[in-house]
Amino acid sequence: MITTNIVSVIVLLGVLVFVHELGHFLFAKWFGVGVLKFSLGFGPKLIGRKYGETEYLVSAIPLGGYVKMLGESGTDKVSDEDEQRSFSAQRPWKRFCIVAAGPAFNFLFAVLVLAVINVTGIPTLSNVVGGVQEGSAAASAGIEAGDRITAIDGKAVNSWPDIAELVADSNGREMKLKIERAGKTFEIAAAGRIMKGKNLFGEDVDSYKLGIQSSQETFIKRQNPIMALVSGVGQTWYLTELTFLSIVKIIQGTISADTLGGPILIAQMAGAEVEKGIMHFIFFMAILSINLGVLNLLPIPVLDGGHLFFTLIELVTGREVNIKWRETAQQVGFFLLLLLMLFVFYNDIMRIFS
């Protein structure tokens, strides 16, 4: 199990870091910026080879990676002949694109992975009713266990999520439900009622429901490549929103910071997903890729988001942010990031002992 965890997390982080750094690398090359190093991992070099001006490395600490560009810091010495190829000499919008390409590639990777999963097929709850709550809107309307709901207000439904979404969006108005029962098809009028429940963050929420339960019958839902890609974009957008909202909830205290995890938790989760099957593992990879993209967009100076923030100021004001201010901000950002890493490591260790 431990070996599975280690191997799976190395593969997981290796792929995600490669995708992220590939975004920086390709856009830097596209804009004619010199790239000196492309490294998977930090610290001492394990293996490496140089092609042209770029040295490609695998380094000892597999918790990230980097692309080192010519004149990246603004204080690096660059020869006169290479000045035009340095990162700092590029126009602000070009630098913005190069930096933003890393997180953008993480989101793009998630879209493609989710599209592949949608084409391959996802186990989905069917549209068969398994139970009816006593005294509910469904019971009053005459819906029974074993009924198959095939359409709502003329819109075909073939899965439980489709039914739940349409009922929740009905705002309590009367709906026409097409029902299949014992080989017969007929319509039933029903209106959802406000019921209390919990959202993904454990908060109490009110939503419209009929008071029915799924039969837990499943089928494999597959999509053609075009629809799978469209769904992949929508799912990535939804998961991105959810990730940002989770960060807000943690800051607000709605979600405990103890839920945050580091490399140990990721390794445990990656190993568990591998044992469930390859599709579970790549779905987990897509989720983590979105998390990595969101994390790097946070306006913390040592992260891509911090660089984007400073570049955005330059685009708006027409002046570069004072180098001393940037260096100070990066030191503070590095310190905050270090504290965060120590905190998630502490959480990981406490989970093991508990």
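**Exercise 1. Getting your bearings**

How many helices and strands does the secondary structure of the chain come to?

*Solution.* This is a predicted model, so treat every value here as computed from it. Going through the chain, the secondary structure comes to nine helices and 12 strands. For the overall dimensions, the C-alpha trace spans about 80 × 50 × 40 Å along its principal axes. Next, burial: of the 354 residues, 36% count as buried. Finally, take the contacts between residues at least 6 apart in sequence: 63% of these join residues at least 24 apart.

**Exercise 2. Two helices that cross**

Work out how helix α1 packs against helix α7, and what kinds of residues make up the contact.

*Solution.* Start with the geometry. Helix α1 covers residues 2-30 and helix α7 covers residues 278-297. Their axes are 10 Å apart, at an angle of about 50°. That angle makes α1 oblique to α7. As for handedness, the crossing of α1 and α7 is right-handed.

Now pick out the residues. On the α1 side you'll find S8, V11, L12, V15, L16 and H20. They meet F281, F284, M285, L288, S289, L292 and N296 in α7. Sort the residues of this contact by type and you get nine nonpolar, four polar and no charged.

**Exercise 3. An open sheet and the helix across it**

Put the strands of the β6-β5-β7-β8 sheet in their places, then find which helix lies across β5, β6 and β7.

*Solution.* Four strands make up this open sheet, in the order β6-β5-β7-β8, and their pairing is antiparallel. The edges belong to β6 (155-156) and β8 (184-191). Each edge strand has a single partner, so one side of each is left without a neighbour in the sheet.

Look next at the pair β7 and β8. Strand β7 (residues 174-181) is joined to β8 by eight bridges, and the two run antiparallel. To check the register, take M175: its bridge partner in β8 is A190.

The helix you want is α4 (residues 160-168), which lies across β5 (148-152), β6 and β7. Helix α4 runs at about 45° to β5.

**Exercise 4. Positive phi in loops**

Which backbone angle is unusual at A182 and Q216, and are these residues buried or exposed?

*Solution.* First, the background: most residues other than glycine have a negative phi. A182 goes the other way, with phi near 50°. Q216 isn't a glycine either, yet its phi is positive at about 70°.

Then locate them. A182 is in the loop between β7 and β8, while Q216 lies in the loop between β11 (212-214) and β12 (218-221).

Now apply the cut-off for exposed, which is over 50% relative accessible area. A182 has 79% relative accessibility, so A182 counts as exposed. Q216 has 56%, so Q216 is exposed too.

**Exercise 5. From a hairpin to a buried serine**

Trace R193 from its strand pairing to its contact with S136.

*Solution.* Strand β9 (residues 193-198) pairs with strand β10 (residues 204-209) in the antiparallel sense, over six bridges. The bridge partner of R193 in β10 is K209. Five residues separate the strands of this hairpin, where G202 takes a positive phi near 80°.

Now move to S136, in the loop between β4 (129-132) and α3 (137-141). Leaving out residues up to four places away in sequence, S136 touches R193, L210 and G211. Buried means under 20% relative accessible area; S136 is at 6%, so S136 counts as buried.

Notes: Residues numbered from 1 in each chain as written. Predicted model: local features only at pLDDT ≥ 70, side-chain atom pairs only at ≥ 80, totals over all residues. Heavy atoms only, no water. Axes fitted to C-alpha atoms, helices over the stretch in contact; angles between N-to-C directions. Parallel < 35°, antiparallel > 145°, perpendicular 65-115°, else oblique. Left-handed = near helix turned anticlockwise from the far one by under 90°. Contact = heavy atoms within 4.5 Å. Nonpolar A, V, L, I, M, F, W, Y, C, P; charged D, E, K, R; others polar. Pairing = 2+ DSSP bridges. Buried < 20%, exposed > 50% of the residue type's maximum accessible area, 1.4 Å probe, protein only.
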